[in-house]
Amino acid sequence: MKKIGILHCINANDVCAGVGCLKSFMNKKDFFKKYEAEFIELGAFFTCNGCKEYREVEPEEDEGIIEKLDRLVEENISIVHVGVCRKLKDGSECPRITTMTLMLEDRGIEVIRGTHKES
Ligand code: SF4
(Lines give C-alpha, C1' and ligand atoms only; values in the text may rest on other atoms or scores of the structure.)
Protein backbone atom coordinates (compact mmCIF):
# COMPACT_ATOMS: atom_id res chain seq x y z
CA MET A 1 0.00 0.00 0.00
CA LYS A 2 1.29 3.43 -0.92
CA LYS A 3 0.23 6.60 0.85
CA ILE A 4 0.16 9.61 -1.42
CA GLY A 5 -0.18 13.34 -0.89
CA ILE A 6 -1.20 16.09 -3.30
CA LEU A 7 0.34 19.56 -3.10
CA HIS A 8 -1.30 22.54 -4.75
CA CYS A 9 -1.16 26.35 -4.92
CA ILE A 10 -3.31 28.08 -2.31
CA ASN A 11 -4.29 30.73 -4.89
CA ALA A 12 -5.88 28.00 -6.99
CA ASN A 13 -8.50 27.63 -4.24
CA ASP A 14 -10.19 30.73 -5.69
CA VAL A 15 -11.38 28.69 -8.65
CA CYS A 16 -10.46 25.08 -7.96
CA ALA A 17 -12.44 22.54 -5.95
CA GLY A 18 -9.77 19.88 -6.37
CA VAL A 19 -12.10 17.88 -8.59
CA GLY A 20 -9.58 17.19 -11.38
CA CYS A 21 -6.85 15.97 -9.02
CA LEU A 22 -9.23 13.83 -6.95
CA LYS A 23 -10.95 12.35 -10.01
CA SER A 24 -7.63 11.31 -11.53
CA PHE A 25 -6.53 9.87 -8.19
CA MET A 26 -9.74 7.90 -7.61
CA ASN A 27 -9.79 6.57 -11.20
CA LYS A 28 -6.01 5.99 -11.32
CA LYS A 29 -5.77 8.03 -14.48
CA ASP A 30 -3.22 10.45 -15.91
CA PHE A 31 -0.29 10.85 -13.48
CA PHE A 32 -1.82 8.20 -11.15
CA LYS A 33 -2.05 5.53 -13.86
CA LYS A 34 1.27 4.11 -12.72
CA TYR A 35 -0.45 2.77 -9.56
CA GLU A 36 -3.01 0.72 -11.55
CA ALA A 37 -1.97 -2.54 -9.93
CA GLU A 38 -1.47 -1.13 -6.44
CA PHE A 39 -3.59 -0.16 -3.47
CA ILE A 40 -3.17 3.56 -2.90
CA GLU A 41 -4.50 5.86 -0.21
CA LEU A 42 -4.74 9.64 -0.38
CA GLY A 43 -3.19 10.71 2.91
CA ALA A 44 -2.89 14.47 2.43
CA PHE A 45 -4.19 17.27 0.21
CA PHE A 46 -2.28 20.39 1.15
CA THR A 47 -1.23 23.81 -0.08
CA CYS A 48 1.70 26.19 0.05
CA ASN A 49 1.15 29.02 2.52
CA GLY A 50 0.84 31.79 -0.03
CA CYS A 51 2.90 34.20 -2.09
CA LYS A 52 5.57 36.46 -0.63
CA GLU A 53 3.36 39.57 -0.65
CA TYR A 54 0.96 37.85 1.76
CA ARG A 55 3.43 35.69 3.68
CA GLU A 56 6.89 37.14 4.04
CA VAL A 57 8.62 34.07 5.46
CA GLU A 58 10.15 31.65 2.95
CA PRO A 59 9.03 28.01 3.08
CA GLU A 60 12.33 26.78 4.61
CA GLU A 61 11.69 28.99 7.64
CA ASP A 62 7.93 28.77 7.70
CA GLU A 63 6.96 26.84 10.82
CA GLY A 64 3.60 26.00 9.31
CA ILE A 65 5.17 24.46 6.21
CA ILE A 66 7.70 22.57 8.31
CA GLU A 67 4.89 21.22 10.51
CA LYS A 68 2.89 20.12 7.47
CA LEU A 69 5.83 18.34 5.83
CA ASP A 70 6.88 16.66 9.06
CA ARG A 71 3.30 15.44 9.47
CA LEU A 72 3.52 13.75 6.07
CA VAL A 73 6.57 11.86 7.30
CA GLU A 74 4.74 10.81 10.49
CA GLU A 75 1.88 9.56 8.31
CA ASN A 76 4.27 7.51 6.12
CA ILE A 77 3.34 9.37 2.98
CA SER A 78 5.98 8.27 0.50
CA ILE A 79 5.01 10.18 -2.66
CA VAL A 80 3.66 13.69 -3.24
CA HIS A 81 2.12 14.68 -6.58
CA VAL A 82 2.13 18.38 -7.39
CA GLY A 83 -0.78 19.88 -9.30
CA VAL A 84 -0.56 21.85 -12.52
CA CYS A 85 -1.17 25.00 -10.42
CA ARG A 86 2.55 24.74 -9.55
CA LYS A 87 3.11 26.61 -12.84
CA LEU A 88 3.11 30.38 -13.08
CA LYS A 89 1.55 32.19 -16.03
CA ASP A 90 4.79 31.99 -18.03
CA GLY A 91 4.85 28.21 -17.58
CA SER A 92 7.75 28.15 -15.13
CA GLU A 93 7.38 26.55 -11.73
CA CYS A 94 6.59 28.73 -8.75
CA PRO A 95 9.85 29.03 -6.76
CA ARG A 96 8.04 28.44 -3.46
CA ILE A 97 6.66 25.18 -4.81
CA THR A 98 10.15 24.22 -6.00
CA THR A 99 11.48 24.91 -2.50
CA MET A 100 8.74 22.76 -0.99
CA THR A 101 9.55 19.90 -3.36
CA LEU A 102 13.19 20.05 -2.24
CA MET A 103 12.09 20.05 1.40
CA LEU A 104 9.95 16.98 0.68
CA GLU A 105 12.84 15.18 -1.00
CA ASP A 106 15.08 16.03 1.96
CA ARG A 107 12.56 14.14 4.09
CA GLY A 108 12.78 11.09 1.82
CA ILE A 109 9.48 11.75 0.06
CA GLU A 110 9.37 11.26 -3.71
CA VAL A 111 7.94 14.15 -5.73
CA ILE A 112 6.01 13.70 -8.97
CA ARG A 113 4.99 16.75 -10.94
CA GLY A 114 1.46 16.22 -12.21
CA THR A 115 -1.96 14.95 -11.18
CA HIS A 116 -4.52 15.27 -14.00
CA LYS A 117 -3.90 15.96 -17.69
CA GLU A 118 -1.80 18.99 -18.46
CA SER A 119 -2.07 20.83 -21.74
S1 SF4 B 1 3.69 30.88 -3.60
FE2 SF4 B 1 3.34 29.88 -5.58
S3 SF4 B 1 2.16 28.08 -5.09
FE4 SF4 B 1 2.00 29.47 -3.35
S5 SF4 B 1 0.18 30.78 -3.69
FE6 SF4 B 1 1.91 31.85 -4.57
S7 SF4 B 1 1.92 31.21 -6.73
FE8 SF4 B 1 0.70 29.72 -5.60
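**Close-up views of the predicted model**

**Figure 1. Residues surrounding the bound ligand.** In this predicted model, the ligand is surrounded by C9, I10, N11, C48, G50, C51, C94, R96 and I97. By residue class, this shell comprises six nonpolar residues, two polar residues and one charged residue. The ligand itself occupies the largest pocket.

**Figure 2. The open sheet and its strand order.** The sheet is open and is built from four strands, arranged in the order 2-1-3-4 with parallel pairing. Strand 2 (40–47) and strand 4 (110–113) are the edge strands; each has a single partner strand, so one side of each lacks a neighbour in the sheet. On average, and with direction ignored, neighbouring strands of this sheet are turned by 25° against each other.

**Figure 3. Pairing of strand 1 with strand 2.** Strand 1, which spans residues 2–8, pairs with strand 2 in the parallel sense. Seven bridges connect these two strands. Within this pairing, I6 has F45 of strand 2 as its bridge partner.

**Figure 4. Helices lying across the sheet strands.** Helix 1, formed by residues 19–26, lies across strand 1 and strand 2. The angle between helix 1 and strand 2 is about 165°. Helix 3, formed by residues 95–106, lies across strand 1, strand 2, strand 3 (79–82) and strand 4. The angle between helix 3 and strand 4 is about 145°. Two residues of the ligand shell, R96 and I97, fall within the range of helix 3, residues 95–106.

**Figure 5. The loop residue K28 and its backbone angle.** K28 is located in the loop that connects helix 1 with strand 2. Its phi is positive, at about 50°, although K28 is not a glycine. Most residues other than glycine have a negative phi.

**Figure 6. The loop residue N76 and its backbone angle.** N76 is located in the loop between helix 2 (63–74) and strand 3. Although N76 is not a glycine, this residue has a positive phi of about 60°.

Terms used:
Residues are numbered from 1 along each chain as its sequence is written. This is a predicted model: local features need pLDDT of at least 70, side-chain atom pairs count only at pLDDT 80 or more; totals for chains, interfaces and linings use all residues. Side-chain values use heavy atoms; hydrogens and water are left out. Two strands pair if DSSP finds at least two bridges between them. Axes are lines fitted to C-alpha atoms, for helices over the stretch in contact, and angles run from 0 to 180 degrees between N-to-C directions. Contact means heavy atoms within 4.5 Å. A residue is near a molecule or strand if one of its heavy atoms lies within 4 Å of it. On a 1 Å grid over the protein atoms alone, a cavity is a set of points where a 1.4 Å probe fits but cannot get out, and a pocket is an open set with protein on both sides within 12 Å along at least five of seven lines; lining residues have an atom within 4 Å of a point. A molecule sits in a cavity or pocket if more than half of its atoms lie within 2 Å of its grid points. Ala, Val, Leu, Ile, Met, Phe, Trp, Tyr, Cys and Pro count as nonpolar, Asp, Glu, Lys and Arg as charged, and the others, Gly among them, as polar.
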